Amino acid sequence: MTDETLAPVTMLSTPIRLEYDFTAGLAQSRNLRGYAEGKFIGQRCPVCNKVYVPSRGSCPVDAVPTDEEVVLPNTGTVTTYCVVNVPFAGQSIEIPYICAQILLDGSDIAFMGLLQEIPTDEVRMGLRVEAVWVDPEDLGPTLASVKYFRPTGEPDADYETFKEYL
Amino acid sequence: MSAPKQKQGTVPVAVASFAQTPSLRRIDQANEVELLMPVIGEVFEGTGLTKDDVGFICSGSTDYLIGGPFSFVMALDAVGVWPPKRESHVEMDAAWALYEAWVLMQEGVVDVALIYGFGKSSLGDLDRILAMQLDPYVMGPLWPDQVSLAALQAQTMIDRGQATEADFAAVAARARRAALSNPNAQVSGDSSVEELLAEDYVSTPLRRHALPPLSDGAAAILLVAGERAYDVVERPAWITGIDHRVETHALGARDLGASPSTAKAAEMAGVTDGVVDVAEIHAPFAHQEILLARELGLGAETVVNPSGGPLAGNPLMAGGLIRFGEAARRIWDGTATRAVAHATSGPVLQQNLVGVLEGES
Amino acid sequence: MSERTAVIGIGQTHHKAKREDVSVAGLVREAAQAALDDAGLTYADIDAVVIGKAPDMFEGIMMPELYLAGALGAVGKPMFRVHTAGSVGGSTAIVAAHLVASGIHKRVLTVAFEKQSDSDAMWALSVPQPFSAPLLAGAGGYFAPIIRAYMHKSGAPNDVGMKVAVKDRLHALRNPYAHLHLPDISLKMVEESIMLWDPLHYLESCPSSDGAAAMVLAAEDVAVAQERATGRPAAWVHGMAMRSEPTMFAGRNQINPQAGRDCAKDVYAQAGISDPRSELDCAEVYVPFSWYEPMWLENLGFCDEGDGWKLTDSGATALDGGDIPWNCSGGVLSSNPIGASGMLRFLEAALQVRHMAGEHQVPDASKALGHAYGGGSQFFAMWVVGSDRPES
């Protein structure tokens, strides 16, 4: 045997492939059906009265089921945002892109959304935006039914109106 | 206060409430939060306690079962950690979360703790997932499945004359019959040893009846310390001893026909200090119940797994906690004064936890 | 009812982008052995092992403590695995300390690690989940919008974050274990680095490191005996606390989380501290992105809300010339093996009060804070350690 065959093993590469079935669950299913209809569906907590969107099935503070459905408008405010410029494995959106926290009118919690149709250096907190859905025939029970959010052109929301939602 | 004498610790802590989902092959309509919420709600029912009384929350779950990092984080939504609470999590069966809470309660700062565990085996290929637990350099790349690994142990027992395939079938038959009276059981029935022995092998010498079912499920327990336990339940199930030990991971270096970690934990917990009326043993495989009962030092008078045990339903990460709950139930309802609860983790019983629960006579 | 608990041994690896020279077992033993040597003990002397780390997808091993049982001398002993996201290094130390404080064990070895080069850290943090937007680009993508909100709310000048980035890397030059040693670090260098998640520059973010940290925690009688045997002083635990809050809820203050404030209040009460800025000599605080220093200065009560950036800007948190040095080790900004980072904060605080921090020692440090946080700024673990034995 040569020295090479006795050399210690210093690296082991183990490709791993695991497949999972994900359970949307009742609350998430409501959201997905809403997307299929071009709607944002939220839920109101019977204890604290806050409207959560996307629906989660329960209030994270009161730990009670949230059954009352609230259909929300397509418009909202950017409470805060960042411009993503980092490449990573599995990335599906071209960089740079704007990742914004969007507070839909009438809801009490912001959620993450993609912002387009605005140069990255013009985004600001308080920007008024609206959802852009895919064409009606392409709507489906998936988040991809929402293409992105874009400015409405309205004057920016006053900081006071959304500072509690940061 | 007349809580029984403790083998470890100085603060008497009792299992005061227990709730679980039924074990089902698949619970498709509910995600983990929706699975847990009713269980958390139920564990408080009839106790006079609310989440505001809880001083510590601890859970057990594992990321690889769900296929995403931080899986336990979303589960917090089911619990309502507001105002902020002392909360922790173990990447282990929730029986170990119970242990963490018990330790903390020994310092007298917390007198009510909420423990929960959950797992859905239906989401992925459990054999592949559990192979990820193995030594990544020499065992993992072989992708051995958990049934075959357990079968090595079963064969060892047969070769040593410790048990026969008929004994395995007898364990399964008894478990299924006991499970008939357990509304949460997934597998139950009246089968004879002959019927079971007629099944094909899955991995010699194990047949289907000797394997645990694949289950989705969740469970929760409330621990209460001191006098307050009497406000919650008439006959508290006091934890008089609790200990856990781990063995070496390398299967080739272990004696698969024995469980020294269980024997040690049982000794430390004081199992044989008195008569054991009931033992809930977390033995996912039929042959393991025989092995563990022996290592725990149980006698013929002990009723083993009156719930049907893991052979009747085995939600991972909650299965060990359920043993504590089922053992406690027998104390609350008066069928037992002294009970043992056991939990296991890792391939082929690598790690074992033993608790002794006692009710006042 | 709590027994006095001390840190008598500390060990850590040389943190690097990739430790290709060791297996996972090799990595943890490097830290564990160093901690045992420091304590004057061997594996055989240990009663229990508590191990902590972040998501297992970072290495591709499920529940690796099972595989590590032999390597950590845990066979025949109790072994425990904690996972509380980014705060795990801290909560692991606390779980271990409670095993001693409760009187259950006398000598506990605690280890935290991450060998994240084995898998892909960014992927592991952002594993695509169906039904959610694939927008999240790592931890930075989550925290950058919150930082922007802080900057707006406090009116801080834009360069405060960059000053933290420079300060911590300068500190790291005095810590041989730190991952990043950037002798040329300057404000200009930070500003010119790529903007990863606006407003965070590349050099304002933590690195991705392989590393392990370990401590030996002991009961009072053991600590006293070992101090005598080794000639090295113990660090005494004066207080420890954990708090969690939900990731998202209506009205949540993500900039100044309640759980962080409550946790600090609890740990200060235990340690008898009413004014952290004057009563603590230094702090090791989990700052993975530069702006978290001013934010945590406020959250931890070192100054009033809104004034954190002023404290940083004034140089108060620098080892040289500051009155309340933060992260003399270089902090998370200089080394970030995710599962170990929290424990590194806890052990660096202990090193300071044992006067064993070498070139990054704060002179005469006698009381220090160790802090860790994780998740969406929702899990907090903190402890206060001191050179002197606590009162009770």
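Which strands of chain A does helix 2 lie across? Let's start there, everyone. Helix 2 of chain A, residues 25–36, lies across strand 1 and strand 3 of chain A. Its direction is at about 145° to strand 1 of chain A. Before I go on, please keep in mind that this is a predicted model.

So how confident is the predictor about chain A? The mean pLDDT of chain A is 89, and 96% of its residues reach 70 or more. Within chain A, confidence is lowest in helix 1, residues 3–6, with a mean of 68. Strand 7 of chain A, residues 128–133, is where confidence is highest, at 97.

Back to those strands under the helix. They belong to an open sheet of three strands in chain A, with the order 2-1-3 and antiparallel pairing. Strand 2 (51–52) and strand 3 (68–72) of chain A stand at the edges with a single partner strand each, so one side of each has no neighbour in the sheet. Strand 1 of chain A, residues 40–44, pairs with strand 3 of chain A in the antiparallel sense, over five bridges. If you want a pair of residues to find on your screen, Gln43(A) stands opposite Glu69(A) in strand 3 of chain A.

Now look at the loop between strand 2 and strand 3 of chain A, where Pro54(A) has its place. The peptide bond joining Val53(A) and Pro54(A) is cis, with omega about -5°. That loop between strand 2 and strand 3 of chain A also holds Ala63(A). Phi of Ala63(A) is positive, near 55°, and this residue is not a glycine.

I expect somebody will ask about cysteines. How many disulfides are there over all chains? The count comes to zero. Take Cys45(A): its nearest cysteine sulfur belongs to Cys48(A) and is 3.6 Å away, and Cys45(A) is in no disulfide. The cut-off for a disulfide is a pair of cysteine sulfur atoms within 2.5 Å, so a separation of 3.6 Å does not qualify. For Cys99(A), the closest cysteine sulfur is in Cys82(A), 5.0 Å away, which is too far for a bond. Is Cys45(A) buried or exposed? Cys45(A) is buried, with a relative accessible area of 0%. Cys99(A) is buried as well, at 3%.

Let's move to chain B and its strand 7, residues 216–225. Ten of the ten residues in this strand are buried. Both faces are covered. On one side sit Asp216(B), Ala218(B), Ala220(B), Leu222(B) and Val224(B), all buried. On the other side are Gly217(B), Ala219(B), Ile221(B), Leu223(B) and Ala225(B), and those are buried too.

Which strands pair with strand 7 of chain B? One of them is strand 1 of chain B, residues 13–20, in the antiparallel sense over seven bridges. There, Ser17(B) has Leu222(B) as its bridge partner. Strand 4 of chain B, residues 112–120, also pairs with strand 7 of chain B in the antiparallel sense, over nine bridges. In strand 7 of chain B, Ala219(B) is the residue opposite Gly117(B).

Chain B has backbone details to point out as well. A cis peptide bond joins Thr204(B) and Pro205(B), with omega about 0°. Pro205(B) lies in the loop between strand 5 (201–203) and strand 6 (206–207) of chain B. Then there is Asn305(B), in the loop between strand 10 (303–304) and helix 12 (319–332) of chain B. Asn305(B) is not a glycine, yet its phi is positive, about 50°. Asn305(B) is also buried, with a relative accessible area of 1%.

Last stop, chain C. It is divided into domain 1 (5–121 + 208–230) and domain 2 (138–207 + 239–386). The contact takes 45 residues from domain 1 of chain C and 34 residues from domain 2 of chain C. The C-alpha centres of these two domains lie 23 Å apart.

I'll finish with one residue of chain C, Asp323(C). Where does Asp323(C) lie? Asp323(C) is in the loop between helix 12 (308–313) and helix 13 (331–334) of chain C. Asp323(C) is partly exposed, with a relative accessible area of 42%. Leaving aside neighbours within four places in sequence, Asp323(C) is in contact with Arg277(C) and Ala316(C). Its C-alpha atom is separated by 10.0 Å from that of Val362(C), and these two residues are 39 residues apart along the chain.

Thanks for listening!

Notes:
Residues numbered from 1 in each chain as written. Chains lettered and ligands numbered in written order. Predicted model: local features only at pLDDT ≥ 70, side-chain atom pairs only at ≥ 80, totals over all residues. Heavy atoms only, no water. Buried < 20%, exposed > 50% of the residue type's maximum accessible area, 1.4 Å probe, protein only. Pairing = 2+ DSSP bridges. Helix = DSSP H or I, 4+ residues; strand = E, 2+ residues; numbered from the N terminus. Contact = heavy atoms within 4.5 Å. Axes fitted to C-alpha atoms, helices over the stretch in contact; angles between N-to-C directions. pLDDT = per-residue confidence, 0-100. Domains from an automatic or database assignment.
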